[in-house]
Amino acid sequence: MEAHILPFPQSMVHDGGAFQPLSFSTSEFHFIVLSPDAVQIVSSLNGDLVEEERLMATDGTPLGMVGDMVRVAHLLYTSNCIYQVGGGRAAAVAARGDAG
């Protein structure tokens, strides 16, 4: 298998500067990249941006991502919530921190 460098899609690069993701995860055919204001899903086959989910202030401050290999899911955690990534708007999968 030959290695290829895939540049970040231009939508990830702000003000022409270097892009440094907060967190990064992979699936069978995608790279999942967390930036301070969005989650981007990029095809590992051709480098195309497949999906982008913008984060809102009410989502909280993005902190990181983890892959759940048992459920084959990717989770984004913020200061307020945990979200499952992919398939449209990220779905809240856990109650907000004030749930007791």
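Guide: A strand, as the word is used here, is a DSSP run of E that covers at least two residues, and strands are numbered from the N terminus. The model discussed below is a predicted one.

Visitor: Which strand holds Y77, and is Y77 buried, partly exposed or exposed?
Guide: Residues 73–78 make up strand β6, and Y77 is found in that run. Buried means under 20% relative accessible area and exposed means over 50%. Because the relative accessible area of Y77 is 34%, this residue of β6 counts as partly exposed.

Visitor: How many helices and how many strands does the chain contain?
Guide: Read along the sequence, the chain follows the pattern β-β-β-β-β-β-β-β. The secondary structure therefore comes, by the DSSP runs that define helices and strands, to zero helices and eight strands.

Visitor: Which nonpolar residues form a patch on the surface, and how much accessible area do they have together?
Guide: One of the members is V66, which is found in strand β5 (residues 62–68) and is partly exposed at 39% relative accessibility. Another member is Y77, and V66 touches Y77 as well as A73, H74 and L75, when residues up to four places away in sequence are not counted. Together with L63 and I82, V66 and Y77 form a nonpolar patch with an accessible area of about 320 Å².

Visitor: How far is the C-alpha atom of V66 from that of S25?
Guide: Along the chain, V66 and S25 are 41 residues apart. In the predicted model, the separation of their C-alpha atoms is 7.0 Å.

Visitor: Which residues make up the largest nonpolar core, and which strands each supply at least two of them?
Guide: In soluble globular proteins, nonpolar side chains tend to be buried together. Here the largest such core has 10 residues in all, namely I32, L34, V39, I41, L55, M65, L76, C81, Y83 and V85. The strands that each supply at least two residues of this core are β2 (30–35) and β3.

Visitor: Which residues does M65 touch, leaving aside residues up to four places away in sequence?
Guide: M65 belongs to the largest nonpolar core, as do I32, L34 and L76. With residues up to four places away in sequence left out, M65 touches S23, F24, S25, I32, V33, L34, L75, L76 and Y77.

Visitor: Is S43 buried or exposed, and what is the length of the polar contact that joins its side chain to that of N46?
Guide: S43 lies in strand β3 (residues 38–43). Because its relative accessibility is 9%, S43 counts as buried. Its side chain is nevertheless joined to the side chain of N46 by a polar contact of 3.1 Å.

Visitor: Which residues are joined into one network by salt bridges that share partners?
Guide: Side chains of opposite charge can pair when their charged atoms come close. The side chains of D37 and R54 meet in a salt bridge of 3.5 Å, N to O, which links D37 in the loop between β2 and β3 with R54 in strand β4 (residues 49–54), 17 residues apart. E52 also forms a salt bridge with R54, the closest N and O atoms being 3.4 Å apart. These salt bridges share partners, and the network they form consists of D37, E52 and R54.

Visitor: What is the relative accessibility of D37, of E52 and of R54?
Guide: D37, E52 and R54 each count as partly exposed, a class that lies between 20% and 50% relative accessible area. The value is 27% for D37, 33% for E52 and, for R54, 42%.

Notes
Residues are numbered from 1 along each chain as its sequence is written. This is a predicted model: local features need pLDDT of at least 70, side-chain atom pairs count only at pLDDT 80 or more; totals for chains, interfaces and linings use all residues. Side-chain values use heavy atoms; hydrogens and water are left out. Patches are made of residues with over 30% relative accessible area and no salt bridge: like charges are joined within 9 Å, nonpolar side chains (Val, Leu, Ile, Met, Phe, Trp, Tyr) within 5 Å. Accessible areas come from the Shrake-Rupley method with a 1.4 Å probe; for residues, only the protein chains shown count as cover. A salt bridge is a side-chain nitrogen of Lys or Arg within 4 Å of a carboxyl oxygen of Asp or Glu. Helices (H or I, at least four residues) and strands (E, at least two) are DSSP runs, numbered from the N terminus. Buried means under 20% relative accessible area, exposed over 50%, partly exposed in between (1.4 Å probe, protein chains only). A polar contact is a pair of N or O atoms within 3.5 Å; within protein, one must be able to donate a hydrogen and the other to accept it, and residues adjacent in sequence count only if both atoms are side-chain atoms. A nonpolar core is a set of buried Ala, Val, Leu, Ile, Met, Phe, Trp, Tyr and Cys residues joined through side-chain atoms within 4.5 Å. Contact means heavy atoms within 4.5 Å.
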